[in-house]
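Dear colleague,

I am passing a structure on to you, together with a short account of what was found in it. Please look it over first, and then read the notes below alongside it.

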Amino acid sequence: MPKKGKKAKMPLSDEEQLLLFQQKLLAEEEMAKKKERLLSQFLKDKLAKEEHNSALNLNKINTQWRTVLREVKTRELHKDIEILSQTFERVVDCKDSVIKSLARDLSEAEEQYAHALRGHLHSIDQLLALQRCRLGLLEESYTTELEALTKEFETERKTITDQHEKEMHYLQDVFMAMEQNYIDSEYESKLEFQSIWEDVKNKNLEEKHFLRLQLENIVEDLWRRFQDALKNYVDATEDQKIAFETLKVKDEKSSKEIEAQMKKIQRLQDSIIILKSKIMVHGRESEDQNQYIRKDKELVLAQLRKLKAQRTQARELSQENLVKLTLESNATLKALRKIVDKGEKILKLAEICRKFETEEEKVLPFYSSVLTPEEQKEIEDMHPEELTEELAKVIVNYTGMENFWKRYNKVKLEQLSLQHRHGQLLEINGKLRAMLRRYLDGISVSDEVLSQLNPLFIVNHRSNLPQPLSAPTTQPGDRPPPTTYNITEAAHVISHTL
């Protein structure tokens, strides 16, 4: 018999199996999701713990590293402070020494400034004294020139007034003579005019009478012709007169119409006249304005032309002045440069010449005149010169050069004396050279020596000098001529004997 506790399993259908399989899948997915959630939560907790531990460890490391760095930095800062204190002390010592030297230089500079100021004030006093002297001389020269000019002006004024009076008397005489001549000529011309006027009047009366007779004959002839022409005209215009009457009636009708139209035309003409008057008034006003504006324009143009001409003249004048100024400034600069170069050259030469001065020249550089007063007076009488104004001005300007000219004249005299001495020495040197040349020619034998006269050259006991033709006659008070001896050099004799 089968057991009762166990039931027999029924076979499942496909749908039930599919549902069961889906349930299993859903349960497995839920279990997997739970595991993932648990794992992610665990990892998040672990990560947070690790981050907390790493931050804590990093803070500990940073604190320890900061302490180490602080110790190292404090040691470096102590060393830097020691070095900076040493350098600061050295700089302070240098600054103290500089301040002391500057204070010493300042005191020396103040002493030099005081010395220079005293020298400057002394030189200014000298310049003021010199300027006062110069002003006194200029004032004296001005007074003399003023007196001369006043005298010259008075003389010239007197001559001009005298000449003016003479000319006035002469002109009055000429005027009276001309007036008399004019009265005579006027009387003659009046008489001549009266005679000519009478002749012309008589001729005009005769011509007038003749023309009146001729014109009366012409008028009578013309009146007769006019009456004939009138009669012919009346006969010819009888028909036209009738037509004229008819036309006259028509003309009266048309005249009435014309009067009506003329009234209209008159009104229009009145309005036209009023408008024309207004136009004329406006035209006159505009013409006056235009005339006034034209006059202003012409005045402005004339002023503009005048200003342009003045501007061109001023520009040309300024251009000429500028060119002249530039040329004169260049010329003055060149002249001043030459003067400066000349002065520098003179100073350099003076410095060079200073080395060659003697003790006497250094002590007494400006010698006094060696001439006596009488000799000086004789020289002035020999060369009299009249002092003119220009010469006096030049002398005043060159009064400060007297010492220079003294030294210059002294040097010039020494130069002339040295040149004279040089000429004398050259003459003596030439004489000595000639004597030496004659001596050398006498002791040497050459073609040039043989071709010339030589007292030492003797052949067969004869010299080549020309012998005198006759003995010179001696008079009883004259000295006898000196005896001449022929000398033959031993070296010459030995060279020929050997």
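Please keep in mind while reading that this is a predicted model.

To begin with the overall make-up, the protein contains eight helices and two strands, and, followed from the N terminus, its elements run α-α-α-α-α-α-α-β-β-α. Of the 498 residues in the protein, buried ones make up 1%. The area that the protein exposes comes to about 48,300 Å², and carbon and sulfur atoms supply 61% of that area. As for contacts within the protein, if one takes those between residues at least 6 apart in sequence, 45% of them join residues at least 24 apart.

Two charged patches on the surface may help you find your way around. The negative one is formed by Asp105, Glu108, Glu110 and Glu111; of these residues, Asp105 is found in helix H1, which covers residues 14–236. Asp105 counts as partly exposed because its relative accessibility is 41%, a value that falls between the 20% limit for buried residues and the 50% limit for exposed ones.

The positive patch, in turn, is made up of Arg305, Lys308, Arg311 and Arg315, and Arg305 belongs to helix H2, which spans residues 238–355. Arg305 has a relative accessible area of 55%, so this residue is classed as exposed, the cut-off for that class being over 50%.

With best regards

Notes:
Residues numbered from 1 in each chain as written. Predicted model: local features only at pLDDT ≥ 70, side-chain atom pairs only at ≥ 80, totals over all residues. Heavy atoms only, no water. Patch = residues over 30% accessible without salt bridge, like charges linked within 9 Å, V, L, I, M, F, W, Y side chains within 5 Å. Areas by Shrake-Rupley, 256 points an atom, 1.4 Å probe, with all protein chains shown as cover. Salt bridge = Lys/Arg side-chain N within 4 Å of Asp/Glu carboxyl O. Lys, Arg positive; Asp, Glu negative; His and termini not counted. Charge placed at Lys NZ, Arg CZ, Asp CG, Glu CD. Helix = DSSP H or I, 4+ residues; strand = E, 2+ residues; numbered from the N terminus. Buried < 20%, exposed > 50% of the residue type's maximum accessible area, 1.4 Å probe, protein only. Contact = heavy atoms within 4.5 Å.
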